[in-house]
Amino acid sequence: MSWTQKILRVNLTEGTVVSEPLNMEWAAEYIGQRGLATRYIFEETDPKCDALGPDNKLIFATGPLTGTMASTGGRYSVITKSPLTGAIACSNSGGFIGAELKSAGWDMIICEGKSPSPVMLNIVNEKAELLPADDLWGKSVWETDKLIHERTQDPQTRVAAVGRSAEAGCLYAAIVNDLHRAAGRSGVGTVMASKNLKAIAVRGTRGVGNIKDPKRFIASTMEQRKVLADGAVTGQGLPALGTQVLMNVINEVGALPTRNMQDVQFEDASKISGEAMLEPRESDGKPNLTTNAACFGCTIACGRISTIDRTHFSVENKPEYWGNSGGLEYEAAWALGADTGVGDLDAITYVNFICNEDGMDPISFGATVAAAMEMFELGAITTKDTGGIELKFGSAEALTWAVDVVATGEGFGADLGMGSKRLCEKYGHPELSMTVKGQEFPAYDPRGIQGMGLTYATSNRGACHLRSYTVASEILGIPVKTDPLVTEGKAGLVKAFQDATAAVDSMGLCIFTTFAWTLDNMAPQIDAACEGEWTVERLTEAGERIWNLEREYNMRAGLTGADDKLPDRLMKDAAKTGPAEGKVSGLDEMLPEYYELRGWTKDGQLTKDTLEKFSIPA
Ligand code: SF4
């Protein structure tokens, strides 16, 4: 069954750590990871609770395929209530710690309450204990990782930690594991810091057993690995260029949000693209990209390992940043580059390093800086606010300054750490916040890719591309090509992608497999691993159940259908250039049909029938 059937419940107020059985009835309905942990959050917390108060819980959850030999099966998710959005938060990460947790004998960690002083959770197989972490408080993620390894004297210890930004109250702080993999979005790191939980260290040596049919599982996973290897995106594009394969593509189709989404094409896109990361630098003849890298068990290896030009102003006096570290993914390169108008590859690589080092979501950080830059150019923010910094679009110096002050929460860094919505409200321009439900947009302009407008508006965790990546269909033609400029058929497309993605996230697999796999490729793997019969239909139904549960959580938290909206800029200001020139988002044409397909009321509430259909507690 590939479950250990054990949860570690950590009461931070009491300082206790106890083992309890996993609810296998819920696992049968919600698969695992994202779905199953949401069920626990739904059951055990009040959706109206203060996200940063002791009543909120923070769950680290693996899926049934986490830690197995299924390709990309190294994923885990963090589920909690988001302090950025007030909605459900679920942030997914790769690296190695998810598999390590499973190998230590745990499916899930539920953290509740609040410790009176900084602590870390140390897990070595069945032994789990809270240890004082006063010496780690105030340290970056990278320093914390180093100090914990000095403490454990075991290089195989896997660490997930929050950095200084989370401690300073940045509302989009991430939890970073394995130095440069992150549960990045929605402020899950801020919740962790609010509980005085600095880090989780895990060492597991037991391996993952309990596979229902090992022979069939091995055969199935090997067969599906080949499908990934043969896929154009999973076998070639992602290993060679990473997600940065998209920068030039999305710019060409006129959907690259630029300068706080004022434009849809960035004149310097090619300078910050995946291709640019391969070009030799003038100073030393070496490219930005050193190598690609893989998370646990992954045969795609989209990860980037990069260096910065040592003569670049951002690092010329900082030799600690001269080595290899996690390089730019597309979303980060867009947020730090096109959205701020900065076409300096070394500068945005540096800022990305700091986002990893101090645990910040680079999407929300970059988009918040972009909003601040627009307000600076309008005169709503001045050098008096910034301490003399000219916060203008295109300024690499301003961007690198901004990341340092958000990391520590100093001065204007505290304002930037509030996120775009609160920042724009504070400085009198709420209309300049490019957010949904308070979370910043990722790297696709809905005017050029219509399905993404509906995706963002209805995403249960605020603006997010990873809840329904219709870019795959609308731009890449996977699994079928649809026209990105039309709204017809997109309601059904978004719903289908949302439900399938919820299932993928809940199995413990990486969403990037879906560039080559559908649920048809995944069902045989989970069916061979887990008890019961796992078909495409069952996975799809579970995905829909998960989506509805997340929605119902949000409704009980106080959100309504009125929160399923896009900023006026995307609804009224037409794209100025490219194939989408003259287009605005057609959200209003898609949303009513979407509600109908979901079985919700006209104002977006779940009906009694829908609640009953998915056995969601009233
Ligand atoms: S595809 Fe990339 S993000 Fe996904 S598991 Fe593999 S290396 Fe990690």
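This is a short talk on the ligand shell, a cavity, a pocket and one helix pair in a single structure.

Okay, thanks everyone. Before anything else, keep in mind that this is a predicted model.

Let's start with the ligand. Which residues surround it? There's Thr72, then the arginines Arg75 and Arg181. After those come Ala293, Ala294 and Cys295, followed by Cys298, Ile300, Ala301 and Cys302. Cys510 and Phe512 finish off the list. If you sort that shell by class, you get 9 nonpolar residues, 1 polar and 2 charged.

Next up, the enclosed space. How many cavities of 30 Å³ or more are there? The count comes to 1, and the volume of that largest cavity is about 90 Å³. So what lines it? From the earlier part of the chain we have Phe60, Ala61, Thr62 and Tyr76, plus Ile97, Gly98, Leu101 and Ile109. Ala160, Ile200 and Val202 are in the lining too. In terms of elements, strand β3 (58-62), helix α3 (97-103) and strand β12 (197-203) each put in at least two residues. By class, the lining of the largest cavity has 9 nonpolar and 2 polar residues, with no charged ones.

Now for a pocket, and I've picked the second largest one. That pocket holds about 460 Å³ of space. There are 21 lining residues, and Lys421, Thr435, Lys437, Gly438 and Lys565 are the closest to the pocket's centre. Two elements give two or more residues to this lining, namely α16 (420-426) and β16 (435-436). Which of the elements gives the most? That's α16, with 3 residues. As for chemistry, the lining of the second largest pocket splits into 7 nonpolar, 6 polar and 8 charged residues. For anyone setting the two linings side by side, the largest cavity has no charged residues in its lining.

Last bit: a helix pair. Helix α7 covers residues 214-230 and helix α8 covers 232-241. Their axes are 4 Å apart, and the packing angle is about 55°. Why do we call α7 and α8 oblique? Because an angle of about 55° falls outside the ranges for roughly parallel, under 35 degrees, and roughly perpendicular, 65 to 115. On the α7 side, the contact is made by Val227, Leu228, Ala229 and Asp230. On the α8 side, Ala232, Thr234 and Gly235 do the job. Taken by class, that contact has 4 nonpolar, 2 polar and 1 charged residues.

That's my set, happy to take questions.

Terms used. Residues numbered from 1 in each chain as written. Predicted model: local features only at pLDDT ≥ 70, side-chain atom pairs only at ≥ 80, totals over all residues. Heavy atoms only, no water. Axes fitted to C-alpha atoms, helices over the stretch in contact; angles between N-to-C directions. Contact = heavy atoms within 4.5 Å. Nonpolar A, V, L, I, M, F, W, Y, C, P; charged D, E, K, R; others polar. 1 Å grid on protein atoms, 1.4 Å probe; cavity = no way out; pocket = protein on both sides within 12 Å on 5 of 7 lines; lining within 4 Å. Points joined across faces, edges and corners; volume = space filled by probe spheres on them. Near = heavy atom within 4 Å.
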